Amino acid sequence: MARRGGRRKQKDPYVCPSCGARAGVVEKTWSLVSPLPDKYGRITVTIMAVLNCSECGYSWKAPIQKMKTGGEEPSKSEEPAKRQGQVIELDLDDILSED
Ligand SMILES: [Zn+2]
């Protein structure tokens, strides 16, 4: 099964789109907050940056970091409720009283 473009290669934000040199210098950053939370109630915050190529001087904007905040982490520590062995109390008087 040949899946084309299946590899999710993260685009390097520091690579200059003009000359291809990995020479981006962050000039300014700001955060973009996604208006819609994901299904876990988390908000995606994208850190955007203005980068400036130290090779050719081209400047561009690129997301340099993404993070999720808020919501609830899906809990992994689900402890199975310990089943206490059932305690059977016998009334010895009943057993021992023989007619
Ligand atoms: Zn460049």
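In the predicted model, three strands are arranged as an open sheet in the order β1-β2-β3, and the pairing is antiparallel. Strands β1 and β3 (59–69) occupy the edges and have a single partner strand each, so that one side of each is left without a neighbour in the sheet. From one strand to the next, the twist averages 25°.

The two pairings of the sheet can be described in turn. Strand β1 (residues 24–33) is joined to strand β2 (residues 43–53) in the antiparallel sense over 9 bridges, and within this pairing W30 stands opposite M48 in β2. On the other side of the sheet order, β2 and β3 are paired, again in the antiparallel sense, over 10 bridges; here T46 is the residue that stands opposite K66 in β3. In a regular strand, side chains alternate between the two faces of the sheet.

With regard to the chain as a whole, the protein chain contains 1 helix and 3 strands, and its elements, read from the N terminus on, follow the succession β-β-β-α. Among the contacts in the protein chain with a separation of 6 or more, 51% are accounted for by residues 24 or more positions apart.

Burial was considered next, both for the chain and for strand β1. Of the 99 residues in the protein chain, 5% are buried. In strand β1, which has 10 residues, the number buried is 1, and the strand therefore lies largely in the open; a residue is counted as buried when 20 or more other C-beta atoms lie within 10 Å of its own.

The connection between the first two strands of the order was examined at one position. S34 is located in the loop between β1 and β2, and, because it has 13 C-beta neighbours inside 10 Å, S34 counts as partly exposed, a class that falls between the limits of 20 or more for buried residues and 12 or fewer for exposed ones. When residues up to four places away in sequence are not counted, S34 touches I43 and T44. A further relation links S34 to V45, since these residues, although 11 residues apart in sequence, are separated by 6.2 Å in space, C-alpha to C-alpha. The loop residue S34 is thus placed in contact with I43 and T44, of which I43 belongs to the stretch of residues 43–53 that forms β2.

Methods:
Residues are numbered from 1 along each chain as its sequence is written. This is a predicted model: local features need pLDDT of at least 70, side-chain atom pairs count only at pLDDT 80 or more; totals for chains, interfaces and linings use all residues. Helices (H or I, at least four residues) and strands (E, at least two) are DSSP runs, numbered from the N terminus. Two strands pair if DSSP finds at least two bridges between them. Two residues are in contact if their C-beta atoms, placed from the backbone, lie within 7 Å. Axes are lines fitted to C-alpha atoms, for helices over the stretch in contact, and angles run from 0 to 180 degrees between N-to-C directions.
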